[in-house]
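Biologist: Please take one helix in this model and look at it closely. I would like to hear what its hidden side packs against, and how that fits into the rest.

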Amino acid sequence: MPFKVIQCGDDSIGCASYLINHSDNWYLIDTSLPSRGGELIRRIERHTQDLQCILLTHEHIDHAGAARALQERFNCPVFAHRVARDTLAQGDDTYIGGWLFGEVFRPPQEIKTFQEGTLHLPGGLSLKTIHTPGHSPGSTVYIYEEEGALFSGDLLFCGGWVGRWDLPGGDLRLLCSSLKSLIEEDFRSLYPGHGSWCSGEGKYHLMGALGYLKGIC
């Protein structure tokens, strides 16, 4: 099936949101800060007027903050891991982190959850989901297996860097375990939650991260 990824988030302020086209249907991974919602909507509208759904990698406000605004604009469901959903639905700012950015979080009207495994989305896209706590309790990665594309949120970045674990709910041991859970996965392209994406050497960046944390993992 035709598959295209467009990085449309403004990483200098929020996160690297990814707009995905799969068989002429559109999906969004992560939404950035509440204050970036209007600009993100305008960037999406350059490509499409419709989203099948919004996927969140975790519960932090720089990734989930504009979900409500985008849901209202595109009238589409929001998906997140159950742990992230519970935090977002409760609006618990201790773990959402609005205090880090001086912004206020509005929960989406509805957040759908999923079991770890294959997630079948509206419009025909199927992604493999893996719960990867450590950066946050509800962190999840998405893999499009046909293309070997990993959307890693704040677990893993290009260059072998990893997400911080010193925020509320962070846990270095769990972060290590989550990184190790990706060793047997087949991915080539890495689309992280911040910074540039990289193609062809995804496993190289994973092994670099494990090497960086050697002695802990």
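Modeller: In this predicted model, the buried residues of α1 are G37, L40, I41 and I44. They sit on the same side of α1, because they cover an arc of only 100° around its axis. The general rule is simple: an α-helix has 3.6 residues a turn, so residues three or four places apart point the same way.

Now the cover. The buried residues of α1 are covered by elements including β2 (18-22), β3 and α3.

L28 shows this packing from the other side. Setting aside neighbours within four places in sequence, L28 is in contact with L40 and I44. Its other contacts in that list include Y18, L19, L51, I54 and L70. C8, S17, C53 and L55 complete the list.

Next, the core. The largest nonpolar core has 26 residues. The members that touch the most others are L19, L28, I44, L51, I54, L56 and L70. I44 is thus both a buried residue of α1 and one of these well-connected core members. Two or more residues of this core come from each of β3 (25-29), α1 (37-45), α2 (61-64), α3 (67-74) and α4 (82-90). In general, nonpolar side chains in soluble globular proteins tend to be buried together.

One more part, for context. An open sheet of 5 strands runs in the order β7-β8-β9-β10-β11, with mixed pairing. Its edge strands are β7 (117-120) and β11 (189-192). Within it, β9 (residues 140-144) and β10 (residues 149-153) run antiparallel and are joined by 3 bridges. I143 stands opposite L150 in β10.

Key: Residues are numbered from 1 along each chain as its sequence is written. This is a predicted model: local features need pLDDT of at least 70, side-chain atom pairs count only at pLDDT 80 or more; totals for chains, interfaces and linings use all residues. Side-chain values use heavy atoms; hydrogens and water are left out. A nonpolar core is a set of buried Ala, Val, Leu, Ile, Met, Phe, Trp, Tyr and Cys residues joined through side-chain atoms within 4.5 Å. Buried means under 20% relative accessible area, exposed over 50%, partly exposed in between (1.4 Å probe, protein chains only). Helices (H or I, at least four residues) and strands (E, at least two) are DSSP runs, numbered from the N terminus. Contact means heavy atoms within 4.5 Å. The arc is that of the directions from the helix axis to the C-beta atoms. Two strands pair if DSSP finds at least two bridges between them.
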